[in-house]
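Here is a friendly walk through one protein model, told in questions and answers. Have a look at the picture, then follow the reasoning step by step.

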Amino acid sequence: MIDAYKRFWNNYTNFSGRSTRSDYWYVLLINIIIGAVLGFLGGLLNISSITLVLVSIYSLVALVPSIALFVRRLHDINKSGFWAFITFVPLVGEIILLVFLLTPSVDVNNKYGERAM
């Protein structure tokens, strides 16, 4: 899990190549945990405005790496990164992308690179 998070930051602007399903979901889980911990600490210490600023800053800093990871995940199932735009189709687009994100990796090399490990 920690290795996936390290790869997330090491490849923060890499929109080529592939990322495994587990890499994607581990990073998503860690980002949710970071947000929850910051929110919990903010509520516990009664400093919700500072917590909101910290969560906002972290979200902005992680935005480009998250998009890059998302594109690499699509590449891992042999889909173009442009499939991300299907999100603009209400409900249906989000369901299609969820199915894509849950799809196992393509076990062979594809046009986006070698099989991710």
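Q: Where is Asn78 in the chain?
A: In this predicted model, Asn78 sits in the loop between helix 3 and helix 4.

Q: What makes Asn78 partly exposed?
A: Its relative accessible area is 38%. Buried would need under 20% and exposed over 50%, so 38% falls in between and Asn78 is called partly exposed.

Q: What is notable about the phi of Asn78?
A: Asn78 has a positive phi of about 65°, although it is not a glycine.

Q: Which loop holds Leu91, and what is its phi?
A: Leu91 also lies in the loop between helix 3 and helix 4. Leu91 is not a glycine, yet its phi is positive, at about 60°.

Q: Why is Leu91 called exposed?
A: The cut-off for exposed is over 50%. Leu91 has 58% relative accessibility, so Leu91 counts as exposed.

Q: How do you know whether Phe82 is buried or exposed?
A: Look at its relative accessibility, which is 65%. That value is over 50%, so Phe82 counts as exposed. Phe82 is found in the loop between helix 3 and helix 4.

Q: How far is Phe82 from Val71, C-alpha to C-alpha?
A: The two C-alpha atoms are separated by 8.1 Å, and the residues are 11 apart along the chain.

Q: What makes Val64 partly exposed?
A: Val64, a residue of helix 3, has a relative accessible area of 39%. This is neither under 20% nor over 50%, so the label is partly exposed.

Q: Which residues is Val64 in contact with, leaving aside its neighbours within four places in sequence?
A: Val64 is in contact with Tyr12, Thr13 and Phe15. Here contact asks for heavy atoms within 4.5 Å. The C-alpha atoms of Val64 and Phe15 are 9.6 Å apart, and 49 residues separate the pair in sequence.

Q: Why is Asp76 called buried?
A: Buried means under 20% relative accessible area. Asp76, which is in helix 3, has 0%, so Asp76 counts as buried.

Q: What makes the link between Asp76 and Arg18 a polar contact?
A: The distance between the N or O atoms has to be within 3.5 Å. The side chains of Asp76 and Arg18 are joined at 3.0 Å, so this pair meets the distance cut-off. The side chain of Asp76 also makes a polar contact with the side chain of Ser105, at 2.3 Å.

Q: How do you know whether Ser19 is buried or exposed?
A: Ser19 has 5% relative accessibility. That is under 20%, so Ser19 counts as buried. Its place is in the loop between helix 1 and helix 2.

Q: Which side chain does the side chain of Ser19 make a polar contact with?
A: The partner is the side chain of Arg72, at 2.9 Å. The limit is 3.5 Å, so this distance fits.

Q: Which residues touch the most other members of the largest nonpolar core?
A: They are Tyr5, Phe8, Val27, Phe70 and Leu97, in a core of 16 residues. Helix 1, helix 2, helix 3 and helix 4 each supply at least two residues of this core. Helix 3 gives the most, with five residues.

Q: What is Leu97 in contact with, leaving aside its neighbours within four places in sequence?
A: Leu97 is in contact with Phe70, Leu74, Trp83, Ala84, Ile86 and Thr87.

Q: How many nonpolar, polar and charged residues are in the lining of the largest pocket?
A: There are six nonpolar, two polar and no charged residues. The lining consists of Tyr24, Val27, Leu28, Asn31, Ser66, Ile67, Leu69 and Phe70. Asn and Ser are not on the nonpolar or charged lists, so Asn31 and Ser66 count as polar. Helix 2 and helix 3 are the elements that give two or more residues to this lining. The volume of the largest pocket is about 150 Å³.

Q: What makes the pattern of the protein chain α-α-α-α?
A: The secondary structure comes to four helices and zero strands, and the pattern is read along the sequence.

Definitions and conventions:
Residues are numbered from 1 along each chain as its sequence is written. This is a predicted model: local features need pLDDT of at least 70, side-chain atom pairs count only at pLDDT 80 or more; totals for chains, interfaces and linings use all residues. Side-chain values use heavy atoms; hydrogens and water are left out. A nonpolar core is a set of buried Ala, Val, Leu, Ile, Met, Phe, Trp, Tyr and Cys residues joined through side-chain atoms within 4.5 Å. Buried means under 20% relative accessible area, exposed over 50%, partly exposed in between (1.4 Å probe, protein chains only). On a 1 Å grid over the protein atoms alone, a cavity is a set of points where a 1.4 Å probe fits but cannot get out, and a pocket is an open set with protein on both sides within 12 Å along at least five of seven lines; lining residues have an atom within 4 Å of a point. Grid points are joined across faces, edges and corners, and a volume is the space filled by probe spheres set on the points. A polar contact is a pair of N or O atoms within 3.5 Å; within protein, one must be able to donate a hydrogen and the other to accept it, and residues adjacent in sequence count only if both atoms are side-chain atoms.
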